[in-house]
Every structure is written in C-alpha cells, then in structure tokens.
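Student: Please take one part of this structure and examine it closely for me. I should like one connected account of that part and of what surrounds it.

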Amino acid sequence: MMTKKEIYKLMDLIQVYYERFQFDQHKLDAWHLVLQKYSYDKVHKNLLKFVVDSPHPPKISDVVQNSSGGRFIPGEFVLDLAKGEGN
C-alpha cells in the first residue's frame, strides 16, 4: 500500500516534469484515495515510462497501468471482405 508521503513524492516529480501540473492538499487527498492500494515502485516505474513519451501530464489511469505513455491509436484499417473465404 502506498502512503500519502509516497504519493506526494510522485506528484512532486510530475510537477518537475510538467510545468502545467499543479497540486494542492485536495488533489493529493483525492489521488491518495485511488492510489493507496497500488505499489509505489510499480507506479513510479510506470510514471518514468510515461514521461518519456507524453508531452501531457499523466492522469491516474496512466500511472497505474503498464503504459508506454501514449494512448494506442490504431493504424490504417483495411476491410477485406474476401479474407477467410475458401476460394
């Protein structure tokens, strides 16, 4: 379980990486409510992966998942109606 002090450290780090990210006691308490059940090491590791790829500050979901930082955007989709037909 993550302590509020560890969550503060994470949020402080996010603030260093992203100038637009600000937090106060209310935001710290809200993040603690969600993040307290996660491992600090895992969330910290996910954060470090995230900041390499994203120009935008993370949301909670970005740091609790095994994320590479960006959101998946599928490539070109090709509909092949003949595929799977036994010609």
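Tutor: Let us begin with the chain as a whole. Of the contacts in the protein chain with a separation of 6 or more, 53% are made by residues 24 or more positions apart. The model is a predicted one. Its protein chain contains 4 helices and 0 strands, and from the N terminus on the order of elements is α-α-α-α. Of the 87 residues, 30% are buried. The accessible surface is about 6,500 Å², and carbon and sulfur atoms account for 56% of that surface.

The part I have chosen is helix 2, which spans residues 25–35. At its start, Asp24 sends a side-chain oxygen to within 3.2 Å of the backbone nitrogen of His26.

Consider next which side of helix 2 is covered. Its buried residues are Leu28, Trp31, His32 and Leu35. Viewed down the axis of the helix, these residues fall within an arc of 105°, and therefore they line one face. The opposite face, turned away from the buried side, carries the exposed residues His26 and Leu33. The buried residues of helix 2 pack against two other elements, helix 1 and helix 4 (60–64).

Each of these two neighbours deserves a word. Helix 4 includes Asp62. A relative accessible area of 7% falls under the 20% limit, so Asp62 counts as buried. A polar atom of the Asp62 side chain lies 2.9 Å from the backbone nitrogen of Lys59.

With helix 1, helix 2 also shares a contact between charged side chains. Side chains of opposite charge can pair when their charged atoms come close. The structure has 1 salt bridge, and its partners are the side chains of Asp29 and Lys4, at 2.8 Å from N to O. Asp29 belongs to helix 2 and Lys4 to helix 1 (residues 4–17), so this pair joins distant parts of the chain, 25 residues apart. Asp29 has a relative accessible area of 32% and is partly exposed; Lys4, at 34%, is partly exposed as well.

Aromatic rings form a further set of links. A search of the whole structure gives 3 aromatic pairs. One of them joins Tyr8 and Phe23 edge-to-face, with 5.5 Å from centre to centre and 75° between the planes. Tyr8 is in helix 1, while Phe23 is in the loop between helix 1 and helix 2; they are 15 residues apart, and the pair links distant parts of the chain. The two differ in cover: Tyr8 is partly exposed at 41% relative accessibility, whereas Phe23 is buried, with a relative accessible area of 18%.

Another edge-to-face pair involves helix 2 itself. Phe21 and Trp31 stand 5.8 Å apart, centre to centre, with 70° between their planes. Because Phe21 lies in the loop between helix 1 and helix 2 and Trp31 in helix 2, the pair ties together parts of the chain 10 residues apart in sequence. Phe21 and Trp31 are both buried. Together, Tyr8, Phe21, Phe23 and Trp31 make up one aromatic cluster.

To draw this together, Trp31 is one of the buried residues of helix 2 and also a member of the aromatic cluster. Asp29, for its part, takes helix 2 into the salt bridge with Lys4, while His26 and Leu33 are exposed on the face turned away from the buried side.

Technical notes: Residues numbered from 1 in each chain as written. Predicted model: local features only at pLDDT ≥ 70, side-chain atom pairs only at ≥ 80, totals over all residues. Heavy atoms only, no water. Salt bridge = Lys/Arg side-chain N within 4 Å of Asp/Glu carboxyl O. Buried < 20%, exposed > 50% of the residue type's maximum accessible area, 1.4 Å probe, protein only. Phe/Tyr/Trp six-rings, centres within 6.5 Å; stacked < 30°, edge-to-face > 60°. Arc of directions from axis to C-beta. Contact = heavy atoms within 4.5 Å. Polar contact = N/O pair within 3.5 Å; in protein donor to acceptor, adjacent residues only side chain to side chain. Areas by Shrake-Rupley, 256 points an atom, 1.4 Å probe, with all protein chains shown as cover.
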